[in-house]
Amino acid sequence: MRTLCINLKTPQESSSAEAFLILSPRVQFRFPHYVFVEMESTSHFFGGDNGCLAKALEIAAKFSSDASAAIADTPSVAQVFARWRPSYVAPRGKEQEGFRGLGLDALKDLEGLQPWPQKKPIEHMISFFHTLGVHGLEDVLNFRSNSLRERWGDFGVLLWNRLHSQDAQVISPLVPRDPLVGYGYFDDPIAAVPLLMARLKPHLDILFARLAGLSRYAQKLDVILHCEYSDKRYSFSIEPVSPTRDQELFEDLLEKKLSQLVLENPVREFEVSLFDVPEKIQQLDFFEPRDNTEDRWRRLISFAKQSQCEMGFLQMEASHFPEQSFSLVTDWPEDFRAHDLVERQDEALQIKSVYAKGLSASPRPSLLLEKPQPLNAFEVQKLRFVSTLPSERIESSWWQISVQELKHRDYFFALSQHGQLLWVFKDRINSQVYLHGYFD
C-alpha cells in the first residue's frame with residue numbers, strides 16, 4: 001500500500017483533509033496537522049508518485065506556507081520521511097533504505113494513523129539505545145523482535161513492526177460531513193478594506209480547496225462582519241450569475257462589495273459560509289481552451305448583477321408581439337453561437353462580423369422599445385411614411401375576447417424630421433399611432 005503523508009506543520013481542522021480527495025477517496029486526518037492518503041490505485045492519474053507528491057504540496061500550500069510531504073509503503077514510515085526527509089519518495093518494498101543518516105529522534109515520528117500513546121516510553125528507548133552505542137535509525141533494524149519484546153513488551157513489538165513495515169494501518173474512504181464555513185477573530189480590529197481582504201483570503205483559500213476536493217461548485221458566499229464597539233454587523237452575499245469554482249471571481253466580487261462599506265466601526269470578527277451545488281459536467285475537446293468567451297461573459301454579468309445593473313442576453317420567446325418576443329436572461333443561450341460571414345469574390349476576401357444568429361437579416365429594428373410610446377397628432381404629422389400600405393399586420397388571437405387584450409396593429413416604416421428610420425404602428429381599434437423602435 002503506497003501512502004502519502006502531508007505534514008501541514010500548523011494545527012488544522014479535520015475538514016482540511018477534504019481538499020486532498022482530489023488525490024484519492026481514501027484520505028484520513030490525524031490531529032493536529034497530518035493528512036494520510038492511500039494512493040496505490042490513483043497515483044497513475046497524476047503521472048506516478050512524484051506527480052502525486054507535487055500535487056499534494058500544491059494543495060497543502062493553501063493551508064501552510066512550509067508544509068512537507070513524503071511517500072512510503074506504510075503511513076508510519078511516510079510520516080518519518082515527511083518530517084525528516086521532505087519530498088522523499090521511498091522505493092517500493094525498500095522504504096528502510098531511507099533510514100540511512102537519520103538519528104534516533106526520528107522514532108518519535110514513527111506513528112502513522114495511530115500516535116504513540118505516550119512519549120516517555122519512546123524517549124526512554126532512545127536513551128537506552130544511546131547507552132548501547134546505537135545512534136542511527138538504520139542500526140535499530142538489526143535488533144530482533146524477541147529482544148525488543150523482552151525489554152519493552154508489546155510496545156517493543158509495535159516499534160519493530162513499524163520499522164519493518166509490518167504494522168497494518170488501513171486508510172478508510174473519507175465521508176465529508178463538515179459544512180463549508182470559516183471564522184476569524186482579530187486581536188487588533190480592522191477598518192481598512194485591503195487589510196481585511198488579506199485576512200479573509202486564507203480562509204477563502206481553504207474553503208475553495210475543500211470545494212475542489214469535493215468536486216462541487218460554489219453557488220453563493222455569505223459574509224458576516226461583526227463590529228467591535230456595538231452589536232452592529234455587516235451582512236451580505238456574493239452570488240455569481242452561475243455556480244463556479246472560480247475563486248478569483250468571488251474575491252473580486254467580495255472586494256468590490258467591501259469597498260462600498262464605510263467601516264467607521266472596525267471589524268473584530270467575521271464569518272464566511274460557502275453554499276455548494278453539484279459540479280457541472282462538460283465534455284471539452286482536448287485542444288479547446290478552458291478560458292472561453294462564455295466564462296468571461298459570466299464574470300462580466302456577475303459584476304453587473306452585484307452593482308444592480310440588468311445585463312444579459314436577449315432570448316427569443318414564443319410570442320408574435322414584438323415587445324413580448326424577447327426576454328433578458330443571464331444564462332448563456334444554447335443557440336447563441338457567433339459566426340463570421342465570409343464573402344469571396346474573385347480573389348478578394350471580406351469578413352463581416354455577425355454577433356448573433358440572424359441579426360443581419362432581421363426585419364425588426366435593432367432598438368426595440370419595451371413599451372410602445374404613443375405619438376400625438378403633431379408628432380405624427382412630422383413623420384414621413386415610406387409607404388401607405390403596412391409592412392406588417394399583427395392581431396390578437398381569436399380566443400382573446402377581453403377588450404384590454406385585443407391588439408390590432410398595422411406596422412409602417414417612417415422617417416423622422418432628422419432622417420432617422422423609425423418603426424411605428426397604428427392601433428386599428430383606437431387609431432392611435434405608436435413609436436415602437438429605431439433602425440440603427
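Two strands are said to pair if DSSP finds at least two bridges between them. With that term in hand, the tour can begin; the model on display is a predicted one.

**The whole chain**

Display the entire protein chain, which has ten helices and 18 strands. Of its 440 residues, 40% are buried. Among contacts between residues at least 6 apart in sequence, 61% join residues at least 24 apart.

**First stop: the hairpin of β2 and β3**

Select β2 (27-30) and β3 (34-38). These strands, β2 and β3, pair in the antiparallel sense, and four bridges hold the pairing. Three residues lie between β2 and β3, and the two form a hairpin. To see one position across the pair, show Q28 and F36: Q28 stands opposite F36, a residue of β3.

**Second stop: the sheet around the hairpin**

Extend the selection to β1 and β4. The result is an open sheet of four strands with antiparallel pairing, in the order β2-β3-β1-β4. Why do β2 and β4 each have one side without a neighbour in the sheet? Both stand at the edges, where each has a single partner strand, so one side of each is left free of a neighbour in the sheet. On average, neighbouring strands here are turned by 20° against each other, direction ignored.

Now look at β1 (residues 3-7), which runs antiparallel to β4 and is joined to it by five bridges. In this pair, I6 has A69 of β4 opposite it.

Add helix α1 (residues 49-60), which lies across β1 and β4 and runs at about 155° to β4. Then add helix α2 (residues 75-84), which also packs on the sheet: it touches β1, β2, β3 and β4, and its direction makes about 140° with that of β4.

**Third stop: helix α2**

Keep α2 selected and show its side chains. Is this helix largely enclosed or largely open? Eight of the ten residues of α2 are buried, so the helix is largely enclosed by the rest of the structure. The buried residues are P75, S76, V77, A78, Q79, V80, F81 and A82. They pack against β1, β2, β3 and β4, and also against α6 (154-163).

**Fourth stop: the largest nonpolar core**

From α2, widen the view to the largest nonpolar core, which has 32 residues; F81, L107, L110, F129, L159 and L163 touch the most other members. Two or more residues each come from β3, β4, α2, α3, α4 (137-140), α5 and α6. Which element gives the largest share? That element is α2, with five residues.

Centre the view on F129. Leaving aside neighbours within four places in sequence, F129 is in contact with L104, V134, V140, F143, L148 and W152.

**Fifth stop: the crossing of α3 and α5**

Select helix α3 (residues 119-131) together with helix α5 (residues 145-152). Two packed helices are described by the angle between their axes and the distance between the axes. For α3 and α5, the angle is about 120° and the axes are 13 Å apart. Their crossing is right-handed. On the α3 side, the contact is made by H124, M125, F128 and F129, and on the α5 side by L148, R151 and W152. By class, this contact has five nonpolar residues, one polar and one charged.

**Sixth stop: a second sheet**

Move to β5, β6, β7 and β8. These four strands form an open sheet in the order β5-β8-β6-β7, with antiparallel pairing. The edges are taken by β5 (181-190) and β7 (233-238); each has a single partner strand, so one side of each is left without a neighbour in the sheet. From one strand to the next, the twist averages 15°.

Within this sheet, select β6 (residues 216-227) and β8 (residues 267-278), which pair in the antiparallel sense over eleven bridges. Which residue of β8 is the bridge partner of L225? The partner is F270.

Two helices complete this view. Helix α7 (residues 193-213) packs on the sheet and touches β5, β6 and β8, its direction making about 165° with that of β5. Helix α8 (residues 247-259) packs on the sheet as well, touching β6 and β7, and its direction makes about 145° with that of β7.

Notes:
Residues numbered from 1 in each chain as written. Predicted model: local features only at pLDDT ≥ 70, side-chain atom pairs only at ≥ 80, totals over all residues. Heavy atoms only, no water. Axes fitted to C-alpha atoms, helices over the stretch in contact; angles between N-to-C directions. Contact = heavy atoms within 4.5 Å. Buried < 20%, exposed > 50% of the residue type's maximum accessible area, 1.4 Å probe, protein only. Left-handed = near helix turned anticlockwise from the far one by under 90°. Nonpolar A, V, L, I, M, F, W, Y, C, P; charged D, E, K, R; others polar. Core = buried A, V, L, I, M, F, W, Y, C linked by side-chain atoms within 4.5 Å.
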